[in-house]
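Reader: I would like to go through this model one feature at a time. Please give the general idea where there is one, and then the case at hand.

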Amino acid sequence: MSMTTRLKERPVDGVLFDVDDTLVDTRGAFARALDAVRERYLPAAGPERLDEMLHHWRSDPGGWYRRYTRGETDHLTQRRHRAVLLHETFGGEPVTEALFEEWDELFWSTFEDSWTPFDDAAPALAAAREAGLRVGVVTNASVELQERKLASVGLGELPVLVGVDTLGFGKPDPRVFAEGARKLGTDPARTAYVGDEPALDAAAARDAGLLGVWLARHGVRRRLHETEDHDELRASGVVVIRGLAELPAALDGGREQASAPA
Ligand SMILES: [Mg+2]
């Protein structure tokens, strides 16, 4: 078989998706939840500090969510520690057990009420299915939470194959991606993983032997990843797309893009 023929073969049989900030605008939902707790509990922090608060929350400076994804603590405990740190950083009263109970009721209910899908999510899933690809989810939150989240945004038919509670730990461990491909029923080398985080999603999937696709959305300010070098990632075998509408073409040419010189 010639090289040309090989490149024209469809490079993947299945696609695994991240959920948060890939299919669902979780960043926007956290912004609304944090604004609600800011108004009630952090009067010293004006609305102009919301962006800073969002960055603080998502960058997880205390490492509590990362502990959760390593199976070292539970979901509620990691959130309480992060609330404590948020109050210490932005000038709120100390977060006691009692305060946390009402804090979390406001934070979490606002977060859930704010879940919204990205406009390109449903069309991308439909296009993948039409192309005959198997689709599923590998996520660093619990299976139950992500099933509920996807159902509430109209994507409930997408199976959540692996959550942080499936193996007891999450991405970037390569076993998480391998388990996703196993459950999808595809060879890891013929499976793509699409996520918004270059290291945790795309590079980790590539290291696990999948085709790593980094979703670097237009208009989303990625403060966490400002220093990431697209060309360096591409050269290392990661495919970069700007929106999920680019996914079908990226998958067709994925191995070529990934192996082309930078
Ligand atoms: Mg994500």
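Author: Start with the charged pairs. The model is a predicted one, and a search of the whole structure finds 19 salt bridges.

Reader: Which residue does the side chain of D18 meet in a salt bridge?

Author: The partner is K171, with an N to O distance of 3.1 Å. D18 lies in the loop between β1 (14–17) and α2 (26–41), while K171 lies in the loop between α9 (164–167) and α10 (174–184), so the bridge ties together parts that are 153 residues apart in sequence.

Reader: Is D18 buried or exposed, and is K171 buried or exposed?

Author: A residue counts as buried under 20% relative accessible area. D18 has 5% and is therefore buried. K171 is at 3% relative accessibility, so K171 is buried too.

Reader: Which residue meets K171 in a salt bridge of 2.8 Å?

Author: That is D201. D201 lies in helix α11 (residues 198–207) and K171 in the loop between α9 and α10, so this pair ties together parts that are 30 residues apart in sequence. D201 is buried, with a relative accessible area of 1%.

Reader: Where do E179 and K183 lie?

Author: Both are in helix α10, 4 residues apart, which is about one turn of the helix. Their side chains meet in a salt bridge with an N to O distance of 3.9 Å. E179 is buried at 13% relative accessible area, whereas K183, at 37%, counts as partly exposed.

Reader: Which residues are joined into one network by salt bridges that share partners?

Author: D18, K171 and D201 are joined in this way.

Reader: Next, the sheet. How do strands of a sheet pair?

Author: Strands of a sheet pair through backbone hydrogen bonds, and the pairing is either parallel or antiparallel. Here there is an open sheet of 6 strands, with parallel pairing and the order β3-β2-β1-β4-β5-β6.

Reader: Which strands stand at the edges?

Author: β3 (160–162) and β6 (239–241) do. Each has a single partner strand, so one side of each is left without a neighbour in the sheet. From one strand to the next, the twist averages 30°.

Reader: How many bridges join β1 to β2?

Author: There are 4 bridges between β1 and strand β2 (residues 134–138), and the two run parallel. L16 stands opposite G136 in β2.

Reader: Which strands does helix α8 lie across?

Author: Helix α8 (residues 143–152) lies across β2 and β3, and runs at about 155° to β3.

Reader: Last, the metal. What are the protein donors of the magnesium ion?

Author: They are D18 (OD), D20 (O) and D196 (OD), at 2.1 to 2.2 Å from the ion. Along the chain, these donors follow the spacing D-x1-D-x175-D. Within the set, D18 and D196 link distant parts of the chain, 178 residues apart: D18 is in the loop between β1 and α2, and D196 is in the loop between β4 (191–195) and α11. Both D18 and D196 are buried.

Reader: In which two features should I note D18, then?

Author: D18 meets K171 in a salt bridge, and D18 is among the protein donors of the magnesium ion.

Note on methods. Residues numbered from 1 in each chain as written. Predicted model: local features only at pLDDT ≥ 70, side-chain atom pairs only at ≥ 80, totals over all residues. Heavy atoms only, no water. Salt bridge = Lys/Arg side-chain N within 4 Å of Asp/Glu carboxyl O. Buried < 20%, exposed > 50% of the residue type's maximum accessible area, 1.4 Å probe, protein only. Pairing = 2+ DSSP bridges. Axes fitted to C-alpha atoms, helices over the stretch in contact; angles between N-to-C directions. Contact = heavy atoms within 4.5 Å. Donors = N, O, S within 2.8 Å, 3.2 Å for Na, K, Ca; no water.
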